[in-house]
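This report goes through the fold of each chain, the places where parts meet, and a few residues chosen for a closer look.

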Amino acid sequence: MNIGNPRALAIRIAFLLLPIAISLAIGAALVIAVGRDPLEVVDALWKGAFKDSRKLGGVVNFWIPLTLVSIGLVVTFRAGLWNIGVEGQMMMGALFASWGAQYIPLDESLAPLLHLILIALAAIGGMFWGAVVGALKIRLGVNEIFGGVALNALVNVISIYLISGPWQPRIGGSAQGTEPFPTPALLPEFSARFPTNLFMIALVIAAFLIVMVMLNATRWGLNLKAVGANMRSALLLGVATERTSMSAFLVCGALAGIAGSYRVLFTFDNLRPLASGGIGFLGLLVVLLLSIRLLWVPLIAFAFAAILTGSTRLQIALQLDSSLAGVLQGLLVLFVILFHGVQEVFFPQTMADDETAEDSVPSVSSVVKEKP
Amino acid sequence: MNEEFLNTLGSIVGTATPLVIASLGETITERAGVVNLSLDGSLALAAVLGFAAAWTAQEAGVLNVPMQIALGIAVAMLVGALIALLVGFSSIKLRRDQVAVGFVLTLLAAELARFLGADFTRIPGPQITRFNIPLLEQVPILGPVFFQQNLLVYFSYLLMFGIWFWLFRSSGGLTLRAIGERPEAAYARGAHVQRLRYWYTFLGGALVGLAGAAYSLNVKPGWSSPPAMQGDGWIALAIVIFGGWHPFRVVLGAYLFAALRAVSSNIQTNGLFIFGQEISFPFVLLNALPWLLMIVTLLIVSGGLTERLLQYMPRAVQHRLRAFLRSDPPKALGTRFEME
């Protein structure tokens, strides 16, 4: 390790900045290609995210579910699992919470209890859908990527059925969404100036700390790592590999489910199709960007949430499609991954010891080839 | 057989064509040992850019219609090939994980398609026209089903036989299978493993791009957001597994999915009648069928369940049934090859 060496340090910094610079440059080129000014886009994104405390509240409202799913995905990635089904687990959590919000008759005075029940229900819903992916993968040998993609689609079909069928509004029923949930079920705003929910923020921080400790200071965390690094040797070392993998799916599913509940109980106040809004996939990007390191998840999730919130202004201010946010995020993650490779292959002496990225992302062989 | 039924079969063959071409493209890429997981996004980006190119040529009044279409197809193929090359490059040269890069590219390409396609949403453009093959179209049953289609569909037939011939009847195909199964052995025999992997990744990606064009210039003409082919990339990837990396089985899988989809959309528009009795249930649930089929097929071909069930079969048929039901991936699929 040559961190002290100025040349190595310069190269390290260059490799940190280059992916950001290149993705911004490509983003700017795209904006110019559709005939707009990149500076106006930056301005719109910034104002859309940070103009006042209301906007900042909007950023936090994306940050909460995004950080929750990202924490969960660190767990599944640690175990070498590609939980693409996280989007569906969010949605299943949203469905469970929506059921409770509509059918559990608790009045205003018991609202905090109701919230706890609804969040717990959502966690169970997410765990249930995570367990299905897990069972398909572990017991039945169906690759978790394909199982996850299929289950994502299935829960979307189920939600559209519920919205257009049993849960449709009494008047003007359509596939747009259910009726707004009764007020006691909705998570309260901290204030009109800063419309977000403090309890959920506390929950995110708690989840972050708990998972941090669980991963780094318990036998469970060690087992996850062993399973992720090498399934066969973990088994030979006496790790209950199947149970460990399943536990990763359950933890991730629970967190994703809670994230889903926030979308319906706070962001929308009702159940809509695709209520998860791609946040699960965005969480995968966050975690890939960080090579599965948990520590920086809240920060990167905040940056991504800011871009996402800011992008809603693109349509209004510049008549630009808000998908530009996703393009920027995707480019950034792609180039971070690619430049990590460039650095590793061409400047191996500048890599820090803990960055041997070889095992930072689960090896593809464990993903594509199933054990017989 | 009545004419209406044959027409339905014919339209299934037509609408299955993009899935057929995309799955066949991915088949040769994976046969070489590379997984291109970016299909779902690649299809969308290729579709929208292919359509944009053809439409722009039409608006500018340059080229005649067939050439506008050819331009669109060329652009789409290039898009698919470049994305695939990026997967290949990051894996072969930069030693990155193929699934990670492929997944990021899926999302990136899909968002890029939405962004660049915003100005091309729901506008009519040039379309591939039908071209019945003389004489063959007159053949009873087969004619209306297979030979009253367009050139892209006929190309997909040729592609299927061509890939089969290349894989199993040519020395080049032997090398292709070798670099996906045992790259070290192929290398020792003098094969340029990395160069060939690049080449087959490029070729497979170009076919995925062609499949994208098949949507936007033919099956679901034009562009809309969310794209009409959303999810098909994942289905194509699953079809490759179901098809056991064999072109005939892959094509069969694609037709099966298209048929299921045709049945479910037909029921949703016309209702369901069994023995003249109208059956009613929430038809939206039928949209779950392709995904259930995906899980079930993967369960059969790659799960341990089949293996356990096979134990109960008479010994004589066990082997044959296993060969029929199970499919094993190329052994070096998704792994890197280092020339040390």
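## Overall fold

Chain A has 14 helices and zero strands. The model is a predicted one. Along the sequence of chain A, the pattern reads α-α-α-α-α-α-α-α-α-α-α-α-α-α. The radius of gyration of chain A is 21 Å, close to the 21 Å that the globule rule gives for 372 residues, so chain A is as compact as a globular protein of that length. Chain B has 14 helices and two strands. Its radius of gyration is 21 Å, in agreement with the value near 20 Å for a compact globule of 340 residues.

The table sets out the overall values for each chain.

| Property | Chain A | Chain B |
|---|---|---|
| C-alpha extent along the principal axes | chain A: about 65 × 60 × 35 Å | chain B: roughly 60 × 60 × 45 Å |
| Buried residues | chain A: 51% of 372 residues | chain B: 49% of 340 residues |
| Share of contacts with a separation of 6 or more that join residues 24 or more positions apart | chain A: 77% | chain B: 79% |

## The two domains of chain A

The domain assignment divides chain A into domain 1 (1-36 + 320-363) and domain 2 (53-319). Domain 1 is thus made of two stretches of the sequence, 1-36 and 320-363. Taken over C-alpha atoms, the centres of domain 1 and domain 2 of chain A are separated by 27 Å. Where these domains meet, 18 residues of domain 1 of chain A are in contact with 20 residues of domain 2 of chain A. The domain 1 side of this boundary in chain A consists of 11 nonpolar, four polar and three charged residues.

## Where the chains meet

Between the chains, 41 residues of chain B are in contact with 45 residues of chain A. On the chain B side, the elements that give two or more residues are helix 4 (98-117), helix 10 (232-242), helix 12 (289-302) and helix 13 (304-310). Helix 4 of chain B gives the most, with 13 residues. The residues on the side of chain B that touches chain A divide into 27 nonpolar, nine polar and five charged.

B:Val104 gives a view of this contact from a single residue. Across the chain boundary, B:Val104 touches A:Leu285, A:Leu288, A:Gly330, A:Val333, A:Leu334 and A:Ile337.

## The nonpolar core

How many residues does the largest nonpolar core have? There are 215, and those with the most contacts inside this core are A:Val286, B:Ala47 and B:Val104. Domain 1 (1-36 + 320-363) and domain 2 (53-319) of chain A both give residues to this core, so the core lies between them. In soluble globular proteins, nonpolar side chains tend to be buried together.

## Helix 10 of chain A and A:Ser245

Helix 10 of chain A covers residues 241-268. The helix has 28 residues and reaches 39 Å from its first C-alpha to its last, close to the 40 Å expected at 1.5 Å a residue. Of its 28 residues, 22 are buried, so helix 10 of chain A is largely enclosed by the rest of the structure. Just after this helix, A:Asp269 takes a positive phi of about 70 degrees.

A:Ser245 is placed in helix 10 of chain A. Is A:Ser245 buried or exposed? A:Ser245 counts as buried because 24 C-beta neighbours lie inside 10 Å, and the cut-off for a buried residue is 20 or more. Leaving out residues up to four places away in sequence, A:Ser245 touches A:Ala79, A:Leu81, A:Gly134, A:Ile138 and A:Val227. A:Gly80 is 165 residues from A:Ser245 in sequence, yet their C-alpha atoms are 8.5 Å apart in space.

## B:Met229 in a loop of chain B

Where is B:Met229 placed? B:Met229 is in the loop between helix 9 (193-219) and helix 10 of chain B. With 24 C-beta neighbours inside 10 Å, B:Met229 also counts as buried. Its contacts, not counting residues up to four places away in sequence, are B:Pro18, B:Leu43, B:Ala44, B:Ala47, B:Tyr215 and B:Lys220. One of these, B:Ala47, is among the residues with the most contacts inside the largest nonpolar core. B:Tyr215 lies 14 residues from B:Met229 in sequence and 7.3 Å away, C-alpha to C-alpha.

Terms used:
Residues are numbered from 1 along each chain as its sequence is written. Chains are lettered from A and ligands numbered from 1 in the order in which they are written. This is a predicted model: local features need pLDDT of at least 70, side-chain atom pairs count only at pLDDT 80 or more; totals for chains, interfaces and linings use all residues. Helices (H or I, at least four residues) and strands (E, at least two) are DSSP runs, numbered from the N terminus. The radius of gyration is taken over C-alpha atoms; the globule rule is 2.2 Å times the number of residues to the power 0.38. A residue is buried if 20 or more other C-beta atoms lie within 10 Å of its own, exposed if 12 or fewer, and partly exposed in between; C-beta atoms are placed from the backbone. Two residues are in contact if their C-beta atoms, placed from the backbone, lie within 7 Å. Ala, Val, Leu, Ile, Met, Phe, Trp, Tyr, Cys and Pro count as nonpolar, Asp, Glu, Lys and Arg as charged, and the others, Gly among them, as polar. Domain bounds come from an automatic or database domain assignment. The expected span of a helix is 1.5 Å times one less than its number of residues. A nonpolar core is a set of buried Ala, Val, Leu, Ile, Met, Phe, Trp, Tyr and Cys residues joined through C-beta atoms within 7 Å.
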